[in-house]
Amino acid sequence: MTGALMSGANQMKARTSVTTPTRPARLQETPVPPIPDVSKLEGDIASTEYSRYRTGLSNHRTSLSEHRTSLSEYRTDLSSDRTEMSTQRTDMSFQRTHLSIERTTMSVIRTALSLIGFGFTIFQFFNHLKESQLMIVSSHAPRNFGLALVATGLVLLTMGIVYHARAMLELRRKRSDMGEPALIHDQSVFPVSMALVAALLLWALGVLAIAHMAFGLGPLG
């Protein structure tokens with residue numbers, strides 16, 4: 001399961017590699033063109049000098065405007081990269097939630113396995129003593145106690161399987177809803193739930209144990 005998760009993460013990384021934008025070079029400070037002194041010049045010459053002055057100011061403003069545009073494009077690229085990283089983190093958070101559901105199911109399996117195994121062992125132990133006539137057992141209390149333990153483990157395991165299925169369906173639904181408005185893209189694939197497979201197999205084993213203990217049926221006899 002971990003290998004499949006790492007493979008999915010590597011595929012997502014290969015598909016959505018983030019490129020670092022190049023920061024624009026620092027603008028070299030250029031002085032503002034000085035105001036011409038036209039107090040001693042004739043009108044036509046003074047007008048020409050003012051025209052040159054205005055052209056210099058316009059060129060200076062154009063240079064500043066181009067630099068501001070480059071900085072704006074750089075900030076836009078950074079924003080796009082942050083959005084890309086955010087979508088990837090969101091997808092990985094879904095994977096962490098999936099693993100959390102798996103751990104919860106494995107905890108239920110361990111508890112149910114302890115109950116089923118302990119109950120079946122008690123039943124077999126006292127049944128063996130009775131058949132071997134090493135101990136006269138007139139009460140059905142050991143049998144009923146073992147059966148109750150196995151049934152409790154089976155009920156707990158059933159609740160765990162139902163919880164796992166409902167949680168995974170809800171998780172997939174939420175990820176699908178977030179994928180439609182492009183809040184998540186390049187979704188990594190959820191691996192096959194080995195915990196759920198183990199829970200189903202243990203559930204079948206618990207049913208066989210109850211069938212043998214209660215009715216003497218099944219291959220466990």
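Let's start at serine 193, in this predicted model. If we skip residues up to four places away in sequence, serine 193 touches Glu102 and His164. Where does serine 193 sit? You'll find serine 193 in the loop between helix H3, residues 141-179, and helix H4. Is serine 193 buried or exposed? Its relative accessible area is 12%, and the cut-off for buried is under 20%, so serine 193 counts as buried.

Now follow the side chain of serine 193. That side chain reaches the backbone nitrogen of leucine 196, at 3.2 Å. There is also a long jump in sequence here: serine 193 and threonine 105 are 88 residues apart along the chain, yet from C-alpha to C-alpha they are 9.9 Å apart in space.

Let's move on to leucine 196. This residue is in helix H4. Leucine 196 has a relative accessibility of 22%, and partly exposed covers the range between 20% and 50%, so that is the label for leucine 196. Which residues does leucine 196 contact, leaving aside its neighbours within four places in sequence? They are Ile161 and His164. You may remember His164, because serine 193 touches His164 as well. Leucine 196 has its own long jump too: isoleucine 109 is 87 residues away in sequence, while the two C-alpha atoms are 9.2 Å apart.

While we're at this end of the chain, have a look at the surface. Val192, Met194, Val197 and Leu201 form a nonpolar patch there, and together they have about 400 Å² of accessible area. Take leucine 201 as one of the four. Leucine 201 is placed in helix H4, which covers residues 194-215. Its relative accessibility is 59%, and exposed means over 50%, so leucine 201 counts as exposed.

For a contrast, please find histidine 98. Histidine 98 is in helix H2, residues 43-132. How much relative accessible area does histidine 98 have? Just 1%, so histidine 98 is buried. And what is around it? Setting aside neighbours within four places in sequence, histidine 98 is in contact with Met168, Leu171, Phe190 and Pro191.

Next, the charged side chains. How many salt bridges does a search of the whole structure find? Two. In one, the side chains of glutamate 170 and arginine 173 meet, at 2.5 Å from N to O. In another, aspartate 177 meets arginine 173, at 2.9 Å from N to O. So Glu170, Arg173 and Asp177 are linked in a network of salt bridges.

Why can helix H3 bring these partners together in sequence terms? Glutamate 170 and arginine 173 both lie in helix H3, three residues apart, about one turn of the helix. Aspartate 177 and arginine 173 are four residues apart in helix H3, so they too are separated by about one helical turn. As for accessibility, glutamate 170 is partly exposed at 32%. Arginine 173 is partly exposed at 41%, and aspartate 177 is partly exposed at 37%.

Let's zoom out to the whole protein. Its secondary structure comes to four helices and zero strands. Reading along the sequence, you get the pattern α-α-α-α. The protein has 221 residues, and 29% of them count as buried. About 14900 Å² is exposed, and carbon and sulfur atoms supply 61% of that area. Remember those long jumps in sequence? Among contacts between residues at least 6 apart in sequence, 80% join residues at least 24 apart.

Finally, a word on confidence. The mean pLDDT of the protein is 77, and 68% of the residues reach 70 or more. Where is confidence lowest, and where is it highest? Lowest is helix H1, residues 2-15, at a mean of 45, and highest is H4, at 91. Over residues 1-9 the pLDDT is below 50, and this stretch has seven contacts in the model beyond near neighbours in sequence. Over residues 11-17 the pLDDT also stays under 50, and here the model has nine contacts beyond four places in sequence. Where pLDDT is low, the predicted coordinates should not be read in detail.

Technical notes: Residues numbered from 1 in each chain as written. Heavy atoms only, no water. Patch = residues over 30% accessible without salt bridge, like charges linked within 9 Å, V, L, I, M, F, W, Y side chains within 5 Å. Areas by Shrake-Rupley, 256 points an atom, 1.4 Å probe, with all protein chains shown as cover. Helix = DSSP H or I, 4+ residues; strand = E, 2+ residues; numbered from the N terminus. Buried < 20%, exposed > 50% of the residue type's maximum accessible area, 1.4 Å probe, protein only. pLDDT = per-residue confidence, 0-100. Contact = heavy atoms within 4.5 Å. Polar contact = N/O pair within 3.5 Å; in protein donor to acceptor, adjacent residues only side chain to side chain.
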